[in-house]
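Reader: I would like to learn how to read the helices, sheets and ring pairs of a protein model, one feature at a time. Could you take me through an example?

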Amino acid sequence: MNSPMKTPQETNLPSNSAGTTSTLYSTKVNVTGGRHGHISEDGLLDLKLALPRQLGGKGDATNPEQLFEGGYAACFENALLRVSREAGLRFADPDVEVTAEVGIRRNDASTFVLSAALAITITGVDQKKAEDLVESAHKICPYSNAIRGNVAVKTTVSVR
């Protein structure tokens, strides 16, 4: 039996371990059909889902890993721009590029786990400064914080 969806007033998002209880933003999606289904939210997000060919599916639509990597890359880049501004640097959109790659595999216990890799390219700073900025962004990015200790994340930093 499906439980009724809670209204925003009834939804109680958990607080983090630091005691933060004020939610700055929340969103809710509806998925039907799992990896072979459909995802929608507020009329803006409306996607067909499909199991990737590599996992035995048709691969004719997006999948959860692609959605995760897109969200992670966008969120990480925003975190990077924030720490850069705090360091007195102003980058234009083309000056920073983040490419995310998410993998799914089985671990030794035969359960499914994710891995992630972020390739970050920054224009206008030296290698050391770029690495420092990426390290700082990794500390404040909500995706990085959500998966820290649970998902192996490899970062590669380059400058141009």
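Author: We will go through a helix, its ring pairs and then the sheets, bearing in mind that this is a predicted model.

Reader: How does the span expected for the 23 residues of H1 follow from the rise per residue, and what is the distance between its end C-alpha atoms?

Author: The expected span of a helix is 1.5 Å times one less than its number of residues. For the 23 residues of H1 this gives 33 Å, and the end C-alpha atoms are 33 Å apart, so the two values agree. At the start of this helix, a side-chain oxygen of Asn63 comes to within 3.0 Å of the backbone nitrogen of Glu65, and just after H1 the residue Gly88 adopts a positive phi of about 85°.

Reader: Which elements do the buried residues of H1 pack against?

Author: The buried residues of H1, among them Gly71, Ala73, Cys75, Leu80 and Val83, pack against strands S4 (96-106), S5 (112-122) and S6 (152-159), and also against helices H2 (127-140) and H3 (142-147).

Reader: How many aromatic pairs does the structure hold, and why is the pair of Tyr72 and Phe76 called edge-to-face?

Author: The structure holds four aromatic pairs. For Tyr72 and Phe76, the ring centres are 6.4 Å apart and the planes stand at 80°, so the pair is edge-to-face, given that planes over 60 degrees apart are counted in that way. Both residues belong to H1 (residues 64-86), where they are four residues apart, about one turn of the helix, and both Tyr72 and Phe76 are buried. Ring pairs also join Phe68, Tyr72, Phe76 and Tyr143 into a cluster.

Reader: What is the strand order of the sheet with mixed pairing, and why do S4 and S6 each have one side without a neighbour?

Author: The order is S4-S5-S6 in an open sheet of three strands. S4 and S6 stand at the edges with a single partner strand each, so one side of each has no neighbour in the sheet. Neighbouring strands here are turned by 15° against each other on average, direction ignored. S4 and S5 pair in the antiparallel sense over eleven bridges, and Ala100 has Leu118 in S5 as its bridge partner.

Reader: Where does H1 lie with respect to these strands?

Author: H1 lies across S4, S5 and S6, and runs at about 145° to S4. Helix H2 also packs on the sheet, where H2 touches S5 and S6 and its direction makes about 150° with that of S6.

How values were computed
Residues numbered from 1 in each chain as written. Predicted model: local features only at pLDDT ≥ 70, side-chain atom pairs only at ≥ 80, totals over all residues. Heavy atoms only, no water. Phe/Tyr/Trp six-rings, centres within 6.5 Å; stacked < 30°, edge-to-face > 60°. Helix = DSSP H or I, 4+ residues; strand = E, 2+ residues; numbered from the N terminus. Buried < 20%, exposed > 50% of the residue type's maximum accessible area, 1.4 Å probe, protein only. Contact = heavy atoms within 4.5 Å. Polar contact = N/O pair within 3.5 Å; in protein donor to acceptor, adjacent residues only side chain to side chain. Pairing = 2+ DSSP bridges. Axes fitted to C-alpha atoms, helices over the stretch in contact; angles between N-to-C directions.
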